[in-house]
Amino acid sequence: MTMPTYLGMPAFPQAAREAVADERLRGNLAHATGTIRDRRRAAVAELDDWTALREAGRRIKDHTLRYLDHYLRELEERVTAAGGTVHWARDAAEANRIVAGLVRATGQTEVVKVKSMATQEIGLNEALAEEGITAYETDLAELIVQLGDDRPSHILVPAIHRNRSEIRDIFRRRMPDAPADLSDEPADLAEAARRHLRAKFLSAKVAVSGVNFAVAETGTLVVLESEGNGRMCLTLPETLISVMGIEKVVPTWRDLEVFLQLLPRSSTAERMNPYTSTWTGVTPGDGPRDFHLVLLDNGRTATLADEVGRQALRCIRCSACLNVCPVYARAGGHAYGSPYPGPIGAILSPQIRGIGSEVDASLPYASSLCGACFEACPVAIDIPEVLVHLRAKAVEEGPRHPLVGTAMAAAGWTLRSPRRLALAQRAASASRRLIGRRGRIRRLPGPLRAWTDSRDAPAPPPESFRAWWKRTNGGRS
């Protein structure tokens, strides 16, 4: 497995059913996603050329993916020329070994982290802990998740499922230096986190970051964030280790300009990002003395080979699709069993991990195919198209119930004989009162339950068409 599934997670239908039953979770999600969605709509409406920007982003991404090998080699050359060291990781295990080895080489046992989807994907914090290294999240929402022994449930706002009173309780319980009378006012919570993290920033010798974009022509890496924690992590430590999915590269600074307009408006509904940090290798006397870039494949090359599914690699992690998705708004992010929740997770996780598990085989069905995600996506990923494509793959490659073959064989045997078909139809009509209520079948017994777990089916009619035709002489009597 190339990306960890959250331990013990069931398939999406079961996890979603439990999440939907949580009224507090539904309330938190409805308030947060509704607020972000409305603000984003207003921010996008300010630009007359938004459609053109969106098309430009799509074209840049598709061009880069087509020539990905060229731009990755160029990026490696430029980073190396600027004094950095590039490492290539085939999968999560190799990436974790590389990062752990780099930290051990410094003699340190603690690192500070900038929010990073890639390190969540590979389970880096857990891998470092096994090596005796403690990773401290410095993004406020990630800190809340970490202190609460929780999992992120949103790409942009990982603690979206928590409200202010829950966050206050977590801080009081797990943050040693939190005031005993800490209130749930946002300013007070932010101040408590700021004081807690300041000591970590000033003492840390090693930092781990993610990468939003990497400019191949100069070897420059870019991180966008809203709190300033990234700036502290990227400048104060002596060693900086950045983990980057290989699809994050863009050819030129001019290409980067497009995404610096698309991402803030689609994610935080801001005209520009509050903190946009860029760095190129190392500079004597300024910033980290050692810089390492870990280029992560972890299933991306296999995804790239799929002409339909490769669209997922355009993703710039803005979370716009989550905020408009009616399924996500009710089920939340944990139900997806992956660091990537929502519509983008439903198409990205099964491709990175493969459709061999029950969770991944169920994710392409975690959608109503309403198309809202496609309309919101700033790089025009046709998520419904990929979902339908992956549903076909799930049928072909995913886990199957052992009785499926038997059931199909029995159906074939029945349909080959008019007499056997007539007997089966009479039996179905006779059973309608046992398995159907008010004209619907809501729960079938035994292995057949898999069909009714996610849909209602009409009960068999009291009389088959064949029987009606015979009784009425084709409707003439």
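Helix 16 and helix 19 are oblique to each other, a term applied to axis angles that fall outside three ranges: under 35 degrees (roughly parallel), over 145 (roughly antiparallel) and 65 to 115 (roughly perpendicular). Helices (H or I, at least four residues) and strands (E, at least two) are taken here as DSSP runs, numbered from the N terminus. The axes of helix 16 (residues 342-353) and helix 19 (residues 383-397) come within 10 Å and cross at roughly 40°. Axes are lines fitted to C-alpha atoms, for helices over the stretch in contact, and the angles run from 0 to 180 degrees between N-to-C directions. The crossing of this pair, helix 16 and helix 19, is left-handed; a crossing has this hand if the near helix is turned anticlockwise from the far one by less than a right angle, and is right-handed if the turn is clockwise.

The model is predicted: local features need pLDDT of at least 70 and side-chain atom pairs count only at pLDDT 80 or more, whereas totals for chains, interfaces and linings use all residues. Residues are numbered from 1 along each chain as its sequence is written, and side-chain values use heavy atoms, with hydrogens and water left out.

On the side of helix 16, Pro343, Ile344, Ala346, Ile347 and Gln351 meet Ile383, Val386, Leu387 and Leu390 of helix 19, where contact means heavy atoms within 4.5 Å. Eight residues of this contact between helix 16 and helix 19 are nonpolar, one is polar and none is charged. In this classification, Ala, Val, Leu, Ile, Met, Phe, Trp, Tyr, Cys and Pro are nonpolar, Asp, Glu, Lys and Arg are charged, and the others, Gly among them, are polar.

A second pair is formed by helix 3 (residues 50-66) and helix 12 (residues 253-267), whose axes come within 10 Å and cross at roughly 120°. Helix 3 is therefore oblique to helix 12. The crossing of helix 3 and helix 12 is left-handed. From helix 3, the contact draws on Trp50, Leu53, Arg54, Ala56, Gly57, Ile60 and Lys61, and from helix 12 on Asp255, Val258, Phe259, Gln261, Leu262, Arg265 and Ser266. Seven nonpolar, three polar and four charged residues make up the contact of helix 3 with helix 12.

The loop that precedes helix 16, running from helix 15 (326-331), contains Pro341. Pro341 has a relative accessible area of 1% and is buried (buried means under 20% relative accessible area, exposed over 50%, and partly exposed in between, with a 1.4 Å probe and protein chains only). Leaving aside residues up to four places away in sequence, Pro341 touches Ser153, His154, Ile155, Leu322, Tyr328, Gly333 and Tyr336. Between Pro341 and Ala312, 29 residues apart in sequence, the C-alpha to C-alpha distance is 13 Å.

Ser429 lies in helix 21 (residues 418-430) and is buried, with a relative accessible area of 13%. The C-alpha atoms of Ser429 and Pro460 are separated by 5.4 Å, although these residues are 31 apart along the chain. With residues up to four places away in sequence not counted, Ser429 touches Pro460, Pro461, Pro462, Glu463 and Ser464.

Positive phi values occur at two positions considered here. Ala269, which is not a glycine, has a positive phi of about 60°. Ala269 is placed in the loop between helix 12 and strand 9 (275-279), and is buried at a relative accessible area of 19%. Arg317, likewise a residue other than glycine, has a positive phi near 60°. The loop between helix 13 (300-304) and helix 14 (320-324) holds Arg317, which is buried with a relative accessible area of 9%.

The structure holds zero disulfides, a disulfide being a pair of cysteine sulfur atoms within 2.5 Å. For Cys321, the nearest cysteine sulfur is that of Cys318, 6.4 Å away. Cys321 is buried, with a relative accessible area of 8%. The sulfur of Cys377 is 6.2 Å from the closest cysteine sulfur, in Cys318, and this is too far for a bond. Cys377 is buried at 8% relative accessibility.

Over the whole chain, there are 24 helices and 12 strands. The C-alpha atoms fill a box of roughly 95 × 55 × 50 Å, taken along the principal axes. Of the 477 residues, 50% count as buried. Among contacts between residues at least 6 apart in sequence, 73% join residues at least 24 apart.
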